[in-house]
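The exercises below are to be worked with the sequence and the model side by side. Each task is followed by a solution that goes step by step.

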Amino acid sequence: MNWLRSSSFFSIAAVLAFTTVIWYGAAVYLNSDVLIDKYDRKKIDWNFTKLVEDSWAMKRPIMPAPHQIMLDMKKSIFGYKINSKRSLVYHGWVTISSTLVGFAMGAVLGILLAVGIVHVPTLNKSILPWIIASQTIPILAIAPMVIVVLGAVGVTGLFPKAIISAYLCFFPIAIGMVKGLRSPDPMHLDLMKTYNASKSQTFYKLRWPTSTPFLFASFKVSIAISLVGAIVGELPAGARAGLGARLLTGSYYGQTIQIWSALFVASIIAGSFVFLMTVMESKVQKRMGVQA
């Protein structure tokens, strides 16, 4: 139970408590105009206590209270079968599938580009500027084009969303790996040359191990961005499954609680992915003999 006495636990608890209080206050403030207008039209007597209670119990609030979101998440996660289209587990898994495929594609592409940029000077001068320029185009402009073009050739479903995720997440991996592969001390590189090591030996025994901290730092950023890409990819497609589809449905029908529930689930998934990357990094570094 040492974690209960740790300063970090109390810091997190304090931040959560403060955020919750502010959230409840914001819910009252943002929902009050609608309720007051309703009271005036129906000539309902009201006081501040009634206003607060009704603000936290609206079916379609402008800003839902935290407990409303939690109740909707509980209902959507545990109240339906996991294969039901009303289940957040079902929609979450659809988005997770696109996220993981897109992340895998982006990781492979980013690592290959980084290796080429570091070892081939021509690629460093020709490809690197284009990689950087590619990220200046808003993803909301690219996503519809990708969906429409691939749909025209009969490619639908998971793959177009994975392409959008890969487009977003390959950049941090490529840049991080370039930095990591160039991070070995020049003395160590000279030592490898003294031992007459080949380029492949230098890569596997020096450059690659040195780049792993940079790689996992990039992975943590990229896996979260990949999730965003998967959700964005579901928006222009009019998808019927996935967290993006859940957001669209909530937007169409004014179900703000449903929208916030989907956003909360997305943040939990992203946090879980980042945590898993942290665990993997710890295990890899331990295996490599790195002292914590």
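**Exercise 1.** Which are the buried residues of helix 12?

Solution. The structure is a predicted model, in which local features need pLDDT of at least 70 and side-chain atom pairs count only at pLDDT 80 or more, while totals for chains, interfaces and linings use all residues. Residues are numbered from 1 along each chain as its sequence is written, and side-chain values use heavy atoms, with hydrogens and water left out.

Step 1: locate helix 12, which spans residues 243-252; helices are DSSP runs (H or I, at least four residues) numbered from the N terminus. Step 2: apply the accessibility classes, where buried means under 20% relative accessible area, exposed over 50%, and partly exposed in between, with a 1.4 Å probe and protein chains only. Step 3: the buried residues turn out to be Leu 243, Gly 244, Ala 245, Arg 246, Leu 247, Leu 248 and Gly 250, so that helix 12 is mostly covered, with seven of its 10 residues buried. Step 4: identify the cover, which includes helix 4 (66-78), helix 5, helix 11 and helix 13, contact being taken as heavy atoms within 4.5 Å. Step 5: look just past the end of helix 12, where Gly 254 takes a positive phi of about 65°.

**Exercise 2.** Describe how helix 5 packs on helix 13.

Solution. Step 1: two packed helices are described by the angle between their axes and the distance between the axes. Step 2: for helix 5 (residues 88-119) and helix 13 (residues 256-287), the angle is about 45° and the axes lie 11 Å apart; the axes are lines fitted to C-alpha atoms over the stretch in contact, and angles run from 0 to 180 degrees between N-to-C directions. Step 3: helix 5 is therefore oblique to helix 13, given that angles under 35 degrees count as roughly parallel, over 145 as roughly antiparallel, 65 to 115 as roughly perpendicular and the rest as oblique. Step 4: list the residues that meet, which are Leu 88, Gly 92, Ile 96, Thr 99, Leu 100 and Phe 103 from helix 5, and Ser 261, Ala 262, Val 265, Ile 269, Phe 273 and Met 277 from helix 13.

**Exercise 3.** How many salt bridges does a search of the whole structure find, and how are the partners of three of them placed?

Solution. Step 1: the search finds four, a salt bridge being a side-chain nitrogen of Lys or Arg within 4 Å of a carboxyl oxygen of Asp or Glu. Step 2: Lys 50 and Asp 54 form one of them, at 3.3 Å from N to O, and both lie in helix 3 (residues 48-55), four residues apart, about one turn of the helix. Lys 50 is partly exposed at 29% relative accessibility, and Asp 54 is also partly exposed, at 22%.

Step 3: Glu 234 pairs with Lys 161, with the closest N and O atoms 3.5 Å apart, and this pair links distant parts of the chain, since Glu 234 belongs to helix 11 (residues 199-234) and Lys 161 to helix 9 (residues 158-181), 73 residues apart. Glu 234 is buried at 0% relative accessible area, as is Lys 161 at 8%.

Step 4: Glu 281 pairs with Lys 220, with the closest N and O atoms 2.8 Å apart; because Glu 281 lies in helix 13 and Lys 220 in helix 11, the pair ties together parts that are 61 residues apart in sequence. Here Glu 281 is buried at 13%, whereas Lys 220 is partly exposed at 25%.

Key. Helices (H or I, at least four residues) and strands (E, at least two) are DSSP runs, numbered from the N terminus.
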